[in-house]
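Let's go through some of the labels people put on a fold and check where they come from. Here is the structure to look at.

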Amino acid sequence: MVVDDHPMWRDSVARDLTEAGLQVVATASNGTEALNRAPAARPNVVVLDLQIPAPNGVEVTARLVKDDPTLRVLILSASGEQDDVLEAVKAGATGYLVKSASRDELLAAVRRVAEGDTVFTPGLAGLVLGEYRRLSDSPADARDPDTPRLTDRETEVLRLVAKGLSYKQIAGRLFLSHRTVQNHVQNTLRKLQLHNRVQLVRYAIEQGLDDEE
């Protein structure tokens with residue numbers, strides 16, 4: 001589903017996605033339309049502008065993800081401001097691109113987000129990781145002793161997830177198959193009782209795994 005209040009931009013994005021072989025199940029011009037149409041359209045990915053008529057993109061993201069934790073939200077915004085990026089991620093966005101991104105970058109981001117990857121415009125991933133690290137209320141040296149234990153390999157995969165690597169990149173780095181990496185991530189999600197990769201990244205950052213070598 002594509003959500004943007006500018007008709008020409010909305011139509012252009014929808015057309016690019018369709019021409020690339022993706023199915024656009026709905027479009028919306030404001031937050032209310034997006035929230036009303038999503039339940040029936042049941043999109044896997046929502047490409048969403050932040051600056052839309054109320055409710056805004058951050059609120060729409062939070063409500064969509066709350067209603068369907070499997071839904072992926074990719075923000076496509078003219079703003080690359082730190083506050084906007086962080087608010088979107090805190091609300092549950094899986095990715096964030098600025099509108100200067102190319103058509104190929106957008107298509108690649110949609111496909112990666114659909115697979116569960118986190119995707120950010122270059123430069124924004126470090127900003128998000130750094131901010132979550134600073135805001136963490138759970139420093140690495142004060143971990144809950146009841147936290148489920150991960151295997152060394154699961155911890156290694158989790159560390160690379162926190163750094164923003166895709167499954168394919170992790171597989172290449174660790175000389176594993178793509179499916180094996182997915183299995184490690186799914187096992188980790190189950191152990192930690194988390195629902196998706198975004199929550200997994202947050203957990204990893206809170207545990208300080210994003211800056212460990």
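Q: What makes V3 and I75 count as contacts of L48?
A: This is a predicted model, and in it L48 touches V3, G57, V60, T61, V73, L74, I75 and L76, leaving aside neighbours within four places in sequence. Contact means heavy atoms within 4.5 Å, so V3 and I75 both have heavy atoms that close to L48.

Q: Which residues have the most contacts inside the largest nonpolar core?
A: Those are V3, L48 and I75, in a core of 24 residues. Helix 2 (31-41) gives the most to this core, with 4 residues. Another core, of 19 residues, lies apart from it and includes L150 and L200.

Q: Why are strand 2 and strand 6 said to stand at the edges?
A: The open sheet has 6 strands in the order 2-1-3-4-5-6, with parallel pairing. Strand 2 (27-28) and strand 6 (119-120) each have a single partner strand, so one side of each has no neighbour in the sheet.

Q: How do you know that strand 5 and strand 6 pair?
A: Pairing takes at least two bridges, and 2 bridges join strand 5 (residues 95-98) to strand 6, so they qualify. In one of them, G95 has V119 as its partner.

Q: Why is helix 7 called roughly perpendicular to helix 9?
A: Their axes cross at roughly 95 degrees and come within 9 Å. Angles of 65 to 115 count as roughly perpendicular, so the label fits helix 7 and helix 9. Among the residues making the contact are V157 and L158 of helix 7 and V181 and H184 of helix 9.

Terms used:
Residues are numbered from 1 along each chain as its sequence is written. This is a predicted model: local features need pLDDT of at least 70, side-chain atom pairs count only at pLDDT 80 or more; totals for chains, interfaces and linings use all residues. Side-chain values use heavy atoms; hydrogens and water are left out. Axes are lines fitted to C-alpha atoms, for helices over the stretch in contact, and angles run from 0 to 180 degrees between N-to-C directions. Angles under 35 degrees count as roughly parallel, over 145 as roughly antiparallel, 65 to 115 as roughly perpendicular and the rest as oblique. A nonpolar core is a set of buried Ala, Val, Leu, Ile, Met, Phe, Trp, Tyr and Cys residues joined through side-chain atoms within 4.5 Å. Buried means under 20% relative accessible area, exposed over 50%, partly exposed in between (1.4 Å probe, protein chains only).
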